[in-house]
Amino acid sequence: MNCPFCGYEENFAVLKEWRFRFYTVRRVSCPKCGGVFNYYFGVSPTGKRSEFCIRVKPRSKTAT
Ligand SMILES: [Zn+2]
């Protein structure tokens, strides 16, 4: 996984983890830029591997 905001790709802080359908979802905070995103990964019922990121907020400064 890498940060969709700045491209950083190590040592993310996992804030939370849960299941969504066949995915595992991690809410992750980037230590470099402070952006927060949800990282989805899993294998679909058809056997296809899938992973993607959804941006939550660009920086921790940007409250609400
Ligand atoms: Zn980042």
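A residue is buried if 20 or more other C-beta atoms lie within 10 Å of its own, exposed if 12 or fewer, and partly exposed in between. The legends below describe a predicted model.

**Figure 1. Close-up of F41 in strand β3.**
F41 sits in β3, the strand made of residues 36-43. F41 counts as partly exposed because it has 15 C-beta neighbours inside 10 Å. Apart from its neighbours within four places in sequence, F41 is in contact with Y23, T24 and E51. P31 is 10 residues from F41 in sequence, and the two C-alpha atoms are 21 Å apart in space.

**Figure 2. Close-up of the hairpin of β1 and β2.**
Strand β1 covers residues 13-20 and strand β2 covers residues 23-29. The two strands pair in the antiparallel sense over 7 bridges. V14 has V28 in β2 as its bridge partner. There are 2 residues between the strands of this hairpin. R21 lies in the loop between β1 and β2 and has a positive phi of about 50°, although R21 is not a glycine. R21 counts as exposed because it has 9 C-beta neighbours inside 10 Å.

**Figure 3. Close-up of the hairpin of β2 and β3.**
Strands β2 and β3 run antiparallel and are joined by 7 bridges. R27 has N38 in β3 as its bridge partner. This hairpin has 6 residues between the strands. G34 takes a positive phi near 80° here.

**Figure 4. Close-up of the hairpin of β3 and β4.**
Strands β3 and β4 run antiparallel, with 8 bridges joining them. The bridge partner of Y40 in β4 is F52. Between the strands of this hairpin there are 5 residues, and G47 takes a positive phi near 90°. Strand β4 consists of 9 residues, 49-57. The number of these residues that are buried is 0, so β4 lies largely in the open.

**Figure 5. Close-up of N11 in the segment before β1.**
N11 is placed in the segment that comes before β1. The phi of N11 is near 45°, a positive value in a residue other than glycine. Is N11 buried or exposed? N11 counts as exposed, because it has 8 C-beta neighbours inside 10 Å.

Technical notes: Residues numbered from 1 in each chain as written. Predicted model: local features only at pLDDT ≥ 70, side-chain atom pairs only at ≥ 80, totals over all residues. Helix = DSSP H or I, 4+ residues; strand = E, 2+ residues; numbered from the N terminus. Contact = placed C-beta atoms within 7 Å. Pairing = 2+ DSSP bridges.
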